[in-house]
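Open the model in your viewer and keep the sequence panel beside it. This tour moves from one selection to the next.

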Amino acid sequence: MPLLENGQVVEDPWTMVGPDDPLPPTGAVPGDAVPGDAVIVPLSRLEEGLARPPGGKLGVALAPDDEIAVLRTALPRLALVAVTFPTFRDGRAFSQCRALREHLDFPGEIRVTGRPLPDQYEFLLRCGASTVLLPEGDDPATWARAHARFTTAYQPAVRDERAEGFGLRRLLGRLPA
Amino acid sequence: MSAEAETLADAAPALPVGHYAYDQVDRAFLHDRVEQFRDQVARRISGALSEDEFKPLRLMNGLYLQLHAYMLRIAIPYGMLDSRQMRELAHIARTYDRDYGHFTTRQNLQFNWIRLEDTPDILARLASVDMHAIQTSGNCIRNVTCDQFAGAAADELVDPRVHAEILRQWSTLHPEFSFLPRKFKIAVSGSPHDRVAARFHDIGLVAKPGHGGKVVFDVFVGGGMGRTPLVGVHLRDNLPEEDLLAYLEAMVRVYNEYGRRDNIYKARIKILVQALGAEGYRARVDAEFAAMDRARYRLPPETVAAIRARFGTPDLAAPAGAAESLAAARAADRAFDRWARTNTHPHRHPGYVSAVISLKPDGGIPGDATAAQMDRIADLADRFSFGEIRITHMQNIVLGHVRQDQLHALWQDLRAVGLATANIGLIGDIIACPGLDYCSLANARSIPIAQKLSARFASPELQETIGDLQIKISGCINACGHHHAGHIGILGVDKKGEEFFQLTLGGSAGNDAAVGQILGPALPEDATVDAIARLVDAYLVHRNTGERFLDTYRRLGAALFKDAVYAVA
């Protein structure tokens with residue numbers, strides 16, 4: 001499934017590890033382009049992930065009802081947090097993104113998984129998400145269009161958007177591709 | 001001012017009175033939104049979007065699929081319109097609908113007979129007059145409502161339109177709060193007399209001057225009607241204006257994170273507030289408020305001032321003797337005198353008054369207006385009220401600033417087009433949802449009951465004798481007709497395929513907000529109107545001098561009224 005960053009398809013160096021998959025040893029992810037591995041573990045296996053020898057990058061995948069605060073101590077050692085939309089209707093991941101950026105000042109990658117809609121792309125970015133793993137069958141072009149749709153927004157968000165004119169308005173600055 | 005500057009000032013178009021004036025940035029935003037929806041409709045028609053995926057997208061543009069056709073709900077932010085916008089609504093009614101529209105309890109307008117293919121064009125037409133249908137539906141923050149007499153009422157402490165506009169902007173395509181567990185409704189009052197039903201909203205805000213005259217807000221949360229009618233919890237007092245957005249972000253964020261999503265009937269914030277308790281909810285909001293980046297969400301006074309500056313202000317000059325002129329006209333014309341007594345509201349400025357146009361003609365459908373009536377109201381607004389029009393949550397229309405010496409002329413013109421019914425606040429001023437005639441959720445028809453009651457109590461003398469009495473009718477337990485808050489509430493229920501009506505008494509949406517109590521077994525349709533007539537008779541017999549129906553009910557209890565309704569030989 002394509003990974004989208006700033007409206008563009010990018011290569012995905014990360015490996016998702018399921019709840020029952022064996023955890024690969026550091027530096028042992030096959031086909032990894034960069035030295036050292038990058039694995040995303042479910043929250044239930046966070047301790048296990050953190051206990052691996054140093055050298056690889058670690059990410060954690062949250063469920064919508066997981067509390068962000070549980071990551072407080074581990075967060076400095078994480079390079080990625082994945083949030084998920086079980087359906088596009090379930091907007092809890094928006095608040096999780098915001099909490100990661102605002103409460104815990106997480107500087108790393110926030111990856112969106114599950115089944116978001118392209119029409120939610122701008123919202124995701126403005127709440128602090130960085131990448132989206134596109135749902136099966138989605139056309140990246142539709143997402144790219146959604147990304148470029150709006151030039152302004154009406155409220156403060158996590159991104160450092162410039163004020164536009166007066167009032168609450170913000171200019172949606174596009175990061176270079 | 002130099003001659004050149006004076007010419008420039010003259011050339012600059014005046015800002016519309018009543019609502020915030022759009023500029024090119026606002027218009028570009030609306031254009032983007034229309035094009036987004038055009039693309040969504042095209043994706044739906046091509047099959048790229050399933051109906052399941054399209055549904056929330058169309059709902060966020062106010063497009064419902066109802067019993068017979070698509071229904072389009074158009075946003076009228078905080079109920080404020082101008083004549084140009086009203087004429088465009090009339091045009092849409094004529095061109096794309098069946099020549100009429102329906103004003104709703106959310107201060108919006110609904111068209112009932114819309115084709116999906118036409119909606120992008122209708123939205124483009126709306127955008128051409130700075131209007132839209134954004135967030136009139138869906139699980140997001142809905143159209144913010146406010147006092148229909150805002151900026152005009154004699155009892156007002158703070159003009160709530162500016163904050164309602166700030167909340168409109170803040171909530172428009174809010175990135176975090178566009179996929180909430182359920183719909184979310186906010187009302188703002190700037191008067192100590194609650195005319196916005198603040199305690200029946202997800203969030204109700206009551207603005208008032210605090211220390212040094214700075215605006216502060218009393219905050220209510222978790223009120224609402226529907227299946228679980230609840231009066232909102234008083235969350236806090238004296239919220240500083242600068243923290244308004246930050247605090248609301250915290251309130252809604254807690255709801256987004258913890259509101260139930262497993263059962264749509266338990267997904268409203270009122271259920272969360274009940275589950276956590278007021279203290280529990282408040283503690284979570286306070287924790288969120290403390291943890292968030294407050295500087296980012298601060299609402300500085302300069303921003304408020306900049307938005308306030310986008311509201312046109314009426315030139316409230318009235319000739320000396322305007323009040324005397326009105327008094328003379330009232331003395332000379334009894335019908336006008338009655339209308340002036342029931343259908344006006346005191347204005348903050350001498351020589352002015354706010355006039356209410358009843359959309360509840362005797363035997364009519366509450367809230368409906370034809371295209372011709374909309375055009376006529378637009379003309380009258382231009383002539384008598386700076387082109388400004390307000391929609392009330394009681395489904396009526398207000399001209400906010402009418403010179404007292406011109407009120408008689410306004411009334412004569414209204415009478416000529418059948419819009420001078422003198423029943424505001426009286427038994428004929430009925431709220432009714434569209435019911436089974438239009439709505440796919442309804443169990444019973446609300447409109448015929450409303451029409452029969454309105455015809456039954458058509459006599460203006462009788463209505464004035466009865467006095468302040470609010471009847472509110474819902475066709476199902478979702479309570480769009482606010483029956484829980486009616487002094488007399490009527491709820492349509494389905495009993496084995498037949499329409500029955502359950503009566504509730506004692507509800508109120510004001511400062512004394514209360515949920516009405518069920519009186520007894522539901523009645524068949526043909527018995528309901530008679531039962532209400534007996535109930536009103538019982539009140540007239542037992543009331544103390546000057547006592548409202550609601551107060552008589554509260555003093556005497558249900559038994560007397562129960563007897564009147566059910567003890568029929």
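The stops below cover a sheet, aromatic rings, charges over rings, cysteines and one loop proline. Keep in mind that the model is predicted.

**Stop 1: the sheet in chain B**

Select strands β3, β14, β15, β12 and β11 of chain B. In that order they make an open sheet of 5 strands, with antiparallel pairing. Now find the edges. They are β3 (80-82) and β11 (344-346) of chain B, and each pairs on one side only. Look along the sheet for its twist, which averages 30 degrees from one strand to the next.

Zoom in on β14 (residues 388-391) and β15 (residues 397-403) of chain B. These two run antiparallel and are joined by 2 bridges. To see a bridge position, pick B:I391. Its bridge partner in β15(B) is B:I397. Strands of a sheet pair through backbone hydrogen bonds, either parallel or antiparallel.

Next, add helix α4 (residues 83-96) of chain B. What does this helix lie across? Helix α4 of chain B lies across β3, β14 and β15 of chain B. Its direction is at about 85 degrees to β3(B).

**Stop 2: aromatic pairs**

Show the rings of Phe, Tyr and Trp. There are 20 aromatic pairs over all chains. Start with A:Y121 and A:W143. This pair is edge-to-face, 5.3 Å centre to centre, with 70 degrees between the planes. The two residues are 22 apart in the chain: A:Y121 belongs to helix α3 (residues 121-126) of chain A, A:W143 to helix α4 (residues 140-149) of chain A. Buried or exposed? Check A:Y121. A:Y121 counts as buried, at 0% relative accessibility. A:W143 is buried as well, with a relative accessible area of 0%.

Cross to chain B and select B:F184 and B:Y255. Here the pair is tilted, with centres 5.4 Å apart and planes at 40 degrees. B:F184 is in the loop between α6 (160-171) and β7 (186-189) of chain B, while B:Y255 is in helix α7 (residues 244-258) of chain B. In sequence they are 71 residues apart. B:F184 and B:Y255 are buried.

Then select A:F85, A:F94, A:F123 and B:F179 together. Ring pairs link these four into a cluster.

**Stop 3: charges over rings**

Pick A:R169 and A:F166. The charged end of A:R169 sits over the ring of A:F166, 4.3 Å from the ring centre. Go on to B:R227. It lies over the face of B:Y265, at 3.4 Å from the ring centre.

**Stop 4: cysteines**

Select the cysteines. How many disulfides does the structure hold? It holds 0 over all chains. Why does B:C140 have no bond to A:C127? A:C127 carries the closest cysteine sulfur, but that atom is 14 Å from the sulfur of B:C140, so it is too far for a bond. B:C140 is buried, with a relative accessible area of 0%.

Try B:C480 next. B:C480 is in no disulfide either, and its nearest cysteine sulfur, that of B:C433, is 6.1 Å away. A disulfide needs the sulfurs within 2.5 Å. B:C480 is partly exposed, with a relative accessible area of 45%.

**Stop 5: a loop proline in chain A**

Finish at A:P76. Look in the loop between β5 (57-61) and β6 (80-85) of chain A. A:P76 counts as exposed, at 69% relative accessibility. Add A:L104 and draw a C-alpha to C-alpha distance. The two residues are 28 apart in sequence and 9.6 Å apart in space.

Methods
Residues numbered from 1 in each chain as written. Chains lettered and ligands numbered in written order. Predicted model: local features only at pLDDT ≥ 70, side-chain atom pairs only at ≥ 80, totals over all residues. Heavy atoms only, no water. Buried < 20%, exposed > 50% of the residue type's maximum accessible area, 1.4 Å probe, protein only. Pairing = 2+ DSSP bridges. Helix = DSSP H or I, 4+ residues; strand = E, 2+ residues; numbered from the N terminus. Axes fitted to C-alpha atoms, helices over the stretch in contact; angles between N-to-C directions. Contact = heavy atoms within 4.5 Å. Phe/Tyr/Trp six-rings, centres within 6.5 Å; stacked < 30°, edge-to-face > 60°. Lys NZ or Arg CZ within 6 Å of the ring centre and 35° of its normal.
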